[in-house]
Structures are given as C-alpha cells and as structure tokens.
Amino acid sequence: MANSSRTDKSVTTSKLRQHVISALEELKAKDVREIDVRGRTSIADLLVIASGTSARHVKSIADEVVKFAKKAGVMPLGVEGEQEAEWVLVDLGDVIVHVMLPRIREFYGLERLWTVGDREQDASAVSAG
C-alpha cells in the first residue's frame, strides 16, 4: 500500500475502493472512472474520479465518500474544495477521490494526465501482434 500514514492496515485498498464506489453509487455520481496509479506515483494506489450535476451534488457526494470511509474505519487524511464544491478532493491514503463538476473535470483532464502513456502502449501491442 502506498501510504503508511493509515495505522489500520486491516482495510485494504480493494476494500476501501468498494466503500468508495458504494458511496458514489448511493448518491448517483456520474461518469465514475478508476485509475490504477501504482508504479506511477507513491501518493496513492488508486484515483477515483466522478462528476456531480451541481456544486451541491458534488459536495454531497464527497460527504458520502467520507461517511462510508469512516464506517470502514478509515479517517480521511484531508478533504479540499468543499467551500466552492466545484472540485472536492477526498484523500483516503491509498485511494484519492476527485468529485468534480463536468466543466471543471473537462478543463483539468485528470484522466488524460494519468493515462497519457496507456494508449501508446495499447497501440504498440496491437501493431506488434
């Protein structure tokens, strides 16, 4: 696991991921995307990116993620952006959750940033085969 700041190692990244996805489903988050970042960064194992339909929806989704994580025994390391609620980041150690308004998500393009080499590898595998 990427971060050792969480003392309760009984909650695995996989289990934490399940709780995060449940929270996102509970409040009907849109366009949920998971990106495995192991080997690319030491800050986390998994990024989860989701959209909300309004600032209120974004904040509610992030609050639900925090609530589900706490139920699982994981205290968030930090929550940023709740005031404006256009982009709320919930740092759960091994899993980092980004909940964004669609226009903010499109502008910053986190999916493109974190998967930049993936398409090139896929293309080279196709041409080699």
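Let me start with Ala72, which, once its neighbours within four places in sequence are set aside, is in contact with Val11 and His19. This is a predicted model, and everything I say about Ala72 and the rest should be heard with that in mind. Ala72 sits in the loop between helix 2 and strand 3, and with a relative accessibility of 16% it counts as buried, because the cut-off for that word is under 20%. Val20 is 52 residues away from Ala72 in sequence, yet the two C-alpha atoms are 9.8 Å apart in space.

From Ala72 we can step back along the chain into helix 2. How far apart are the end C-alpha atoms of helix 2, and does that agree or disagree with the span expected at 1.5 Å a residue? Helix 2 covers residues 55-71, which is 17 residues, and these should span 24 Å; the end C-alpha atoms are 24 Å apart, so the two values agree. After the helix comes Gly73, which has a positive phi, near 90°.

Which residues of helix 2 are buried? They are His57, Val58, Ile61, Ala62, Glu64, Val65, Val66, Phe68 and Ala69, and you will notice that His57 and Glu64 stand in that list beside the nonpolar names. As a general point, an α-helix has 3.6 residues a turn, so residues three or four places apart point the same way. As for what lies over these buried residues of helix 2, the cover includes helix 1 (13-26), strand 2 (46-51), strand 3 (78-80), strand 4 (87-91) and strand 5 (95-100).

That brings me to the nonpolar core. The largest one has 35 residues, and those with the most contacts inside it are Val20, Leu24, Val48, Val65, Val90, Leu92 and Val97. Two or more residues come from each of helix 1, strand 2, helix 2, strand 4 and strand 5, and the element that gives the most is helix 2, with seven residues. In soluble globular proteins generally, nonpolar side chains tend to be buried together.

Now to the sheet, which is open and is formed by five strands in the order 1-2-5-4-3, with mixed pairing. Strand 1 (30-36) and strand 3 stand at its edges, and each has a single partner strand, so one side of each is left without a neighbour in the sheet. On average, and ignoring direction, neighbouring strands are turned by 10° against each other.

If we walk across part of this sheet, strand 1 and strand 2 run antiparallel and are joined by five bridges, and here Arg33 stands opposite Ile49 of strand 2. Strand 2 and strand 5, by contrast, run parallel and are joined by six bridges, with His98 in strand 5 as the bridge partner of Ile49. On the next step, five bridges join strand 5 to strand 4 in an antiparallel arrangement, and Leu89 is found opposite His98. Strand 4 and strand 5 also make a hairpin with three residues between them, where Gly93 in the turn has a positive phi of about 85°.

Is strand 5 enclosed or open to the outside? Six of its six residues are buried, so strand 5 is largely enclosed by the rest of the structure. Both of its faces are covered, with Val95, Val97 and Val99 buried on one side and Ile96, His98 and Met100 buried on the other.

Finally, the charged pairs, where the count comes to nine salt bridges. One of these joins the side chains of Arg105 and Asp31 at 3.6 Å, N to O. Arg105 lies in helix 3 (residues 102-108) and Asp31 in strand 1, so this pair ties together parts that are 74 residues apart in sequence. The two partners are placed quite unlike each other in accessibility: Arg105, at 6%, counts as buried, whereas Asp31, at 56%, counts as exposed.

Another salt bridge brings Asp36 and Arg38 together at 2.3 Å, N to O; Asp36 is partly exposed at 36% relative accessibility, and Arg38 is exposed at 53%. A third example is Glu106 with Arg112, at 3.9 Å, N to O, where Glu106 is exposed with a relative accessible area of 56% and Arg112 is partly exposed with 44%. Lastly, salt bridges that share partners join Asp31, Arg105 and Glu111 into one network.

Definitions and conventions. Residues are numbered from 1 along each chain as its sequence is written. This is a predicted model: local features need pLDDT of at least 70, side-chain atom pairs count only at pLDDT 80 or more; totals for chains, interfaces and linings use all residues. Side-chain values use heavy atoms; hydrogens and water are left out. Helices (H or I, at least four residues) and strands (E, at least two) are DSSP runs, numbered from the N terminus. The expected span of a helix is 1.5 Å times one less than its number of residues. Buried means under 20% relative accessible area, exposed over 50%, partly exposed in between (1.4 Å probe, protein chains only). Contact means heavy atoms within 4.5 Å. A nonpolar core is a set of buried Ala, Val, Leu, Ile, Met, Phe, Trp, Tyr and Cys residues joined through side-chain atoms within 4.5 Å. Two strands pair if DSSP finds at least two bridges between them. Axes are lines fitted to C-alpha atoms, for helices over the stretch in contact, and angles run from 0 to 180 degrees between N-to-C directions. A salt bridge is a side-chain nitrogen of Lys or Arg within 4 Å of a carboxyl oxygen of Asp or Glu.
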